[in-house]
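Hi,

Here is the structure I promised to send over. Have a look at it first, and then read on for my notes.

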Amino acid sequence: MPSPALPRRRAAVIAGGVAVVLLVVAVLAARAFRATEAGASFIEQYPGAYATPEGTPDGFPAWLRWTHFLSAFFLLFIVSSGLHLRRRQRPPAFVTRRREGFLAATNPTRLGLHSWWHLVLDTLWVLTGLIYVVLLVASGHWARIVPTDLAVIPNAISGAIQYLSLSVPRGDSWFQYGSLQQLAYFATVFVASPLALVTGLRLSPVWPDRWMRARGPLSDTAARRTHSLLLWYFLAFTLVHVSLVLLTGARSNLNAMYVGIDDASSWVGVGVFALSTGVMAAAWVLLRPPAQIAIAERVADVRVMPAAPKRG
Ligand code: HEM
Ligand code: HEM
């Protein structure tokens, strides 16, 4: 009997092939459009970015660089615990908050280790996000990632055509982001993240019973589906974002976001980025379930499950 994985693998190969063909067609179409007079004058009129409102600060202050790093750091663990939860395997331990002492709960719920770890990291991620948004608004930096002019739409289209025709739109993100970048950052910070928070809270034990609904966007099924879809959004965003950061002037981009300097030739940003990636990798290795259990035991009651018997 053919394995059930085979048709799925075949469908994935066909979908991949179709995607590559569509991409090649889109690249050829974008290049052909730019070669026409109308195409060239559209790109001339809308170069891919528009001026931010007067008084918007430039650059990458320390609070922005630190909250960006911490957010990516916490997301690594949020995504991995989310992937564990999706597999619905028996967790290696169960965690129940205590009824007295630090972090006490009056009516504690027993959580699987992965759910507990997911919620701990979510709390840190949301706190980091709140600090970032408050400082974004207070400093005026918000106007760098919130569209302030309808010109964002033709400029984003122009940016997409330029990327598709395999050239990088002119512009310097030290002073302003490209419109396509602005829309992607806005969607991530002000749409995807709050949606992850609301649907995640809906799935968590803190959601009040009287707000439970059998149907609609906050029903169990819809909330779980939206929450899972957001995982793919965050993964796709990160893949495209990091690829573009590295392919469109890596030294300049990394100097800006990791050191806070406007410099296209220094290698210091590459060094700090490499160091930060090393820190993430080390934390990834150190904070596996045994370490998560050790942390949980400090603040809650933990029941470690015996290892599942090996099959075969
Ligand atoms: C912002 C705060 C967030 C909260 C409060 C939250 C909370 C939750 C809760 C309560 C669950 C269900 C756990 C269970 O079934 O026991 C869950 C599942 C999950 N979360 Fe989150 N989460 C948040 C953010 C995120 C983010 C940003 C991602 C992805 C980038 C993510 C990915 C997932 C995935 C993939 C699952 C498994 C869904 C499934 O059951 O198929 N979560 N989350
Ligand atoms: C760890 C790999 C990452 C690197 C190397 C990186 C690098 C950068 C750089 C260089 C910028 C400035 C853009 C530019 O100069 O063109 C930036 C901005 C940004 N990144 Fe990342 N990033 C990473 C991961 C992430 C992740 C995981 C997220 C969220 C899912 C994220 C969200 C953002 C946002 C929202 C901005 C705009 C921030 C603002 O100006 O307020 N980044 N990133």
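The residues of the shell around ligand 1 divide by character into eleven nonpolar, seven polar and three charged. Here Ala, Val, Leu, Ile, Met, Phe, Trp, Tyr, Cys and Pro count as nonpolar, Asp, Glu, Lys and Arg as charged, and the others, Gly among them, as polar. That shell holds 21 residues, and Gly82, Ser115, Asp122, Gly200 and Ser204 are the closest; a residue belongs there if its C-beta atom, placed from the backbone, lies within 6 Å of the molecule.

Please bear in mind that this is a predicted model, in which local features need pLDDT of at least 70, side-chain atom pairs count only at pLDDT 80 or more, and totals for chains, interfaces and linings use all residues. Residues are numbered from 1 along each chain as its sequence is written, while chains are lettered from A and ligands numbered from 1 in the order in which they are written.

Which helices supply the shell around ligand 1? At least two residues each come from α3 (62-87), α4 (113-139), α7 (179-203) and α8 (220-247), and α8 has the largest share, with six residues. Helices (H or I, at least four residues) and strands (E, at least two) are DSSP runs, numbered from the N terminus.

Now to ligand 2. It has 22 residues around it, and Ala72, Ser173, Tyr185, Asn253 and Met257 come nearest. Two or more residues of this shell are given by each of α3, α5 (142-145), α7, α8 and α9 (250-259). Once again α8 gives the most, with six residues. By character, the shell around ligand 2 has 14 nonpolar residues, seven polar and one charged.

The strands are worth a look too. β1 (residues 93-97) pairs with β3 (residues 300-304) in the antiparallel sense over five bridges; strands pair if DSSP finds at least two bridges between them. Within that pairing, Arg97 has Ala300 of β3 as its bridge partner. β1 also runs antiparallel to β2 (residues 110-112), joined by three bridges, and there Val95 is partnered with Leu111.

As for the whole protein chain, it has eleven helices and three strands. Its C-alpha atoms fill a box of roughly 70 × 60 × 45 Å along the principal axes. Among contacts (C-beta atoms, placed from the backbone, within 7 Å) between residues at least 6 apart in sequence, 71% join residues at least 24 apart.

Happy browsing, and best wishes!

Key. Two residues are in contact if their C-beta atoms, placed from the backbone, lie within 7 Å.
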